[in-house]
Amino acid sequence: MRYSGLRVLWEGLTGNKGWQPAWREPEPKQSYDVIIIGGGGHGLSTAYYLSNKFGITNVAVLEKGWLGSGNIGRNTTIIRSNYLLPGNEPFYELSMKLWEGLEQDFNYNAMVSQRGVLNLCHSDAQRDAYARRGNSMHLAGADAELLDQDGVRALYPFLDFDNARFPIKGGLLQRRGGSARHDGVAWGYARGADRRGVDIIQNCEVTGFKIENGICKGVETTKGPIAGKKIAVCVAGSSGRVMAKAGMRLPIESHVLQAFVSEGLKPVIPGVITFGAGHFYISQSDKGGLVFGGDIDGYNSYAQRGNLPVVEDVCESGMALMPMIGRARLLRMWGGVMDMSMDGSPFIDKTHIDGLYFNGGWCYGGFKATPASGYCYAHLLAKDEPHPVATEMRLDRFKRGHMIDEKGAGAQPNLH
């Protein structure tokens, strides 16, 4: 079934009796060409592009919980490609281009809204750094505009421009950035992959790998053993635990990242704003809630919940940026488990075990990378060579001395 305005009208007139399930609930087969571990955004997008772009349809996606129960449903929905380094920016620009045609591509309303992303600067040095980043974005084919204070004031007159500690000097604007509906992204990719014959198997936890003579030949699951020619892991914050079952230790730490939604308000914030004097980012959802977040919690955890000191820090940053936020009531909050790499950049690579592949280390950037991550991972699985924009995202880059350190914070994951 293809979705369309005409279909919605017809179903409304006939009692909505013709809708079909968006995807099947199959039992696992004995073997597959590709087994994808993780039914989040990256796993589902990988399955979608494998089946739709590379013609590989004998694929299973194994999810230990329900579809989209991980970070794909626990983020602040921001999409952007405003990166600096050549190992990152072309990749995220590919993702931005895929976002722009995504809804038409998989015939699903993911509520992609290119409302603009503005990074504020609060000092001359920060403005110079943003100018450099903007130039790098232009070289990669992305859009970027360096705004002065008047330019920012024209867009967001309610900000605290004359804050004694954090005066707003200007900002770097990417008008093509914005937000998307996280659940809609997961459901759209799942439906698109299912239509091509991919088996999406929920409540199926991987408990081990079948490795013989250095070759991964399948997985052990709570629904029995499943054989596979290629095993693709993309489980975000659970990367360390899952890969440990294959005897691998990753350069990754797991941390909690909290996000918050306020009560519904009248439209006030047209785009996405990030605070340059602290880690704070905010936008407004289509339902009126202010969606915002900040830094990860300062300890390692696998729990999908956070702690109060970060709540306080995030609220302080929000008040410094726009004092009016203090009048809004917090409606709900949640936590996602971040797979923080040692340099703050991700991995899409083969492992030393034949037939076993890894995708992870996305830190804060997982949601915005969803389309390009899936496409590049599918390219790697289909062709056994990295996509041209993902050649630097290797597991051995620390050994080779080729880190992709976007922030310049060194090998300290909690700073990225």
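**Exercise 1. An aromatic pair**

Task: In this predicted model, work out whether Phe-106 is buried or exposed, and what kind of aromatic pair Phe-106 and Tyr-108 form.

Solution:
- Step 1. Start with Phe-106, whose relative accessible area is 2%. Buried means under 20%, so Phe-106 is buried.
- Step 2. Turn to its partner. Tyr-108 has a relative accessible area of 19%, and with the limit for buried set at under 20%, Tyr-108 is buried too.
- Step 3. Look at the rings. A pair of aromatic rings is described by the distance of the centres and the angle of the planes. For Phe-106 and Tyr-108 the centre-to-centre distance is 6.4 Å and the angle between the planes is 80°.
- Step 4. Planes over 60 degrees apart count as edge-to-face, and the pair of Phe-106 and Tyr-108 is edge-to-face.

**Exercise 2. A pair across the chain**

Task: Find which parts of the chain are linked by the pair of Phe-166 and Phe-275.

Solution:
- Step 1. Check the geometry: the ring centres of Phe-166 and Phe-275 are 5.6 Å apart and the planes stand at 90°, so this pair is edge-to-face.
- Step 2. Place each residue. Phe-166 is in the loop between helix 6 (149-155) and strand 6 (170-174), while Phe-275 belongs to strand 13 (residues 272-275).
- Step 3. The two are 109 residues apart, so the pair links distant parts of the chain.
- Step 4. Add the surroundings: Phe-275 has 6% relative accessibility and counts as buried.

**Exercise 3. The wider ring picture**

Task: How many aromatic pairs does the whole structure hold, and which residues do ring pairs link into a cluster?

Solution:
- Step 1. A search of the whole structure gives 20 aromatic pairs.
- Step 2. Follow the linked rings: Tyr-3, Trp-19, Tyr-48, Tyr-49, Phe-54, Phe-106, Tyr-108, Tyr-189 and Tyr-375 make up a cluster.
- Step 3. Now look for charges over rings. Arg-191 lies over the face of Tyr-3, 3.8 Å from the ring centre, and Tyr-3 is one of the cluster residues.
- Step 4. Another such contact has the charged end of Arg-153 over the ring of Phe-161, at 4.2 Å from the centre.

**Exercise 4. The cysteines**

Task: Explain why Cys-216 has no bond to Cys-234.

Solution:
- Step 1. Begin with the count: the structure holds zero disulfides.
- Step 2. The cysteine sulfur closest to that of Cys-216 is in Cys-234, and at 14 Å it is too far for a bond. The cut-off for a disulfide is within 2.5 Å.
- Step 3. Cys-234 is in no disulfide either, and its nearest cysteine sulfur, in Cys-376, lies 13 Å away.
- Step 4. Compare the accessibility values with the buried limit: Cys-216 counts as buried at 1%, and Cys-234 counts as buried at 8%.

**Exercise 5. The second largest pocket**

Task: Which elements supply the lining of the second largest pocket, and how many of its residues are charged?

Solution:
- Step 1. Take the volume, which is about 480 Å³.
- Step 2. The lining has 26 residues, with Arg-181, Ser-285, Lys-287, Val-291 and Arg-332 nearest the centre.
- Step 3. At least two lining residues come from each of helix 7 (182-195), strand 12 (252-264), strand 14 (280-284), strand 15 (289-300) and strand 16 (330-341). Strand 12 gives the most, namely four.
- Step 4. Sorted by class, the lining has 13 polar, seven charged and six nonpolar residues.

**Exercise 6. Contacts between strands**

Task: How many residues apart in sequence are Met-338 and Ile-296, and what separates the C-alpha atoms of Ser-262 and Arg-332?

Solution:
- Step 1. Met-338 is in strand 16 and is buried at 6% relative accessibility. From Met-338 to Ile-296 there are 42 residues in sequence, yet the C-alpha atoms are 8.2 Å apart.
- Step 2. Ser-262, in strand 12, is buried with a relative accessible area of 3%. Its C-alpha is 6.9 Å from that of Arg-332, 70 residues away along the chain.

**Exercise 7. Positive phi**

Task: Where are Thr-77 and Asn-213, and is each buried or exposed?

Solution:
- Step 1. Thr-77, not a glycine, has a positive phi of about 65°. Thr-77 sits in the loop between strand 2 (59-62) and strand 3 (78-79), and counts as buried at 14% relative accessibility.
- Step 2. Asn-213 also has a positive phi, near 55°. Its place is the loop between strand 9 (206-212) and strand 10 (215-221).
- Step 3. With a relative accessible area of 80%, Asn-213 is exposed.

Technical notes:
Residues numbered from 1 in each chain as written. Predicted model: local features only at pLDDT ≥ 70, side-chain atom pairs only at ≥ 80, totals over all residues. Heavy atoms only, no water. 1 Å grid on protein atoms, 1.4 Å probe; cavity = no way out; pocket = protein on both sides within 12 Å on 5 of 7 lines; lining within 4 Å. Points joined across faces, edges and corners; volume = space filled by probe spheres on them. Nonpolar A, V, L, I, M, F, W, Y, C, P; charged D, E, K, R; others polar. Buried < 20%, exposed > 50% of the residue type's maximum accessible area, 1.4 Å probe, protein only. Phe/Tyr/Trp six-rings, centres within 6.5 Å; stacked < 30°, edge-to-face > 60°. Lys NZ or Arg CZ within 6 Å of the ring centre and 35° of its normal.
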